[in-house]
Structures are given as structure tokens and as C-alpha cells.
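Colleague: Hi! Could you walk me through this one? I'd like to start with a single residue and then zoom out.

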Amino acid sequence: MTPAPDTGPDASEAWDDLLRAEFARAAHDVTPGPAPVAAVVRAGRARRRRRTVALSVLAVLGVSAAVAAGATLAGDPHPAAGLAAPPAVSPATGALVPTAAPSAPRTPRASATDPRIPTPVRTVAVGERVTAAPGWTVWLTREGKHWRGGEDDMEQFRSVADGNIDLRQPGVSHQSEGAFHSGLYYGTEDAGRVDLVDAKGRIVAAALLELADRPGWGVWYAVTAERGASLSVRLYDRADRLLSDLPAF
């Protein structure tokens, strides 16, 4: 390339024409690379997906807020209970990840030792021996309750046929021998449980025995942690109604 002579405006225009010609010739020798069409498409799709996710999340949050506000105005003390959490956004794909609705609160169940639960009544045959506690045996006959044990290990008997018990009215009797307690319950064919209650209100549930033909009476027995405790005895039906209360002695 020859330097342009400094001879005025015409010489400057000639120099410019010469430069344009040189640049055009150099550009003609350059082969342009392919346009990054695929990358541009991917970037556009990613932006569109992020915009859609953002709008969806905002819509869900708006609906949740409206429902919670409506529940509050309606006087619901727990307006958020039962509402599903807003969906999360996957950081890898940008897609919505549904979140499960919270489960309903569990209702506490009564313990298996809850004295309010009716005690299953065990059906026994006439004269069938039942081990009521270590060293104690109980059995039923048509005439009443029989038991044996303790230090003397003597057989004892409580009659239901001697006229001392009114089988027409619900009631209980109580025989106490150290930590072993037993007695009759009678006047009902719907016995649910027999409770022993001490002076502090602590309860021991008794076991129940009846003959197969349900004669309207049965036998209860229980073992307490203390010997000679002062206990009241209460008879309930299966609907948890108190039928009889024998004060402590």
C-alpha cells in the first residue's frame, strides 16, 4: 500500500477509497463460521420456562393467601390447616415439584390400660379353676364364688343364693386379703368393668369372670401394689355408666 500524498481534499478522498478497497479485499478472504442457532434456541426456551414457573408460583401463592384470608375472616382458628404447601421449583430442570398436603392431625387413642375401656369378661365353666394370682385360685359354681390361697391356703365361699345379695339391683362385694382383692358383682348382665380406687384416686382394673349362661352375677379379682390398702370398688356397665359404688373400708 502506497502512502497517500498530502496534496489536499481530493488526495484525502482518494486515500479513503484506497482503504475501503483494501478492507473489502481482506474481508472477502475471511470465511464466517456458522451462526449458534441451537444455543440461541436453548437460551430462549430456558428464559421462557423460568418465566412460566415464576408466574405459576406467584399464582399458587396468591390463591393460598386468599384462602387463608377467607378462613381467617370466617373465624377458623387454624386457617392454614389442610392447605397444600406451594410447589417447589427443581433447580435442575426449573419444573414444578408438587408438595403433598399436610396430613390431618391424629386423634390420640386411649391407652390399652385406660380404665375406661370395658374389661373383657372371661366365660368359665362351672367349677373351672382360674389362677387369679400366684398362690390364689378362683372358681364359680351355681351357688356363688369360691377361692383359695394366702397364708392359710383355705377354701372360702361367698354365696349368691343365701338371700344376703339382691340380684335385682346392681352391686358389688369386696373381700380383701393382703394385696389380693376379690368379690362379686351382680344385678346386671351388661357389666363393663370393676375398678378399685385408692385414697389418692389411683385406679386398678379388676379381671371379670362369669358363667356361660350369664346368670346376672360374676366374680372380680385384682392384685394391688400395697397390702391392706383402703380401696373403694366401683361397678360400671359397658356404656361407662356407674352402676354401684362400694365405699372403702
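Modeller: Happy to! Serine 244 sits in strand S16, residues 242–246 (strands are DSSP runs of E, at least two residues, and helices are H or I runs, at least four, numbered from the N terminus). Keep in mind that this is a predicted model, where local features need pLDDT of at least 70, side-chain atom pairs count only at pLDDT 80 or more, and totals for chains, interfaces and linings use all residues. Residues are numbered from 1 along each chain as its sequence is written, and side-chain values use heavy atoms, with hydrogens and water left out.

Colleague: Is serine 244 buried or exposed?

Modeller: Serine 244 is buried, at a relative accessible area of 14%. Buried means under 20%, exposed over 50%, and partly exposed in between, with a 1.4 Å probe and protein chains only.

Colleague: And what is serine 244 in contact with?

Modeller: Setting aside neighbours within four places in sequence, serine 244 contacts Pro170, Gly171, Val172, Val233, Arg234 and Leu235 (contact means heavy atoms within 4.5 Å).

Colleague: Switching residues: where is glutamine 175 found?

Modeller: Glutamine 175 belongs to strand S9, which covers residues 175–177. Glutamine 175 is buried, with a relative accessible area of 14%.

Colleague: Which side chain does the glutamine 175 side chain make a polar contact with?

Modeller: That of lysine 145, at 2.6 Å. A polar contact here is a pair of N or O atoms within 3.5 Å; within protein, one must be able to donate a hydrogen and the other to accept it, and residues adjacent in sequence count only if both atoms are side-chain atoms. Not counting residues up to four places away in sequence, glutamine 175 also touches others, including Trp147, Arg158 and Phe180.

Colleague: Now pockets. How much space lies in the largest pocket?

Modeller: About 270 Å³. Of its 15 lining residues, Trp136, Gly149, Gly150, Glu151 and Glu177 are closest to the centre. On a 1 Å grid over the protein atoms alone, a pocket is an open set of points where a 1.4 Å probe fits, with protein on both sides within 12 Å along at least five of seven lines, and lining residues have an atom within 4 Å of a point. The volume is the space filled by probe spheres set on the points, which are joined across faces, edges and corners.

Colleague: And overall, how many helices and strands does the protein have?

Modeller: There are 2 helices and 16 strands. Buried residues make up 29% of the 249 residues.
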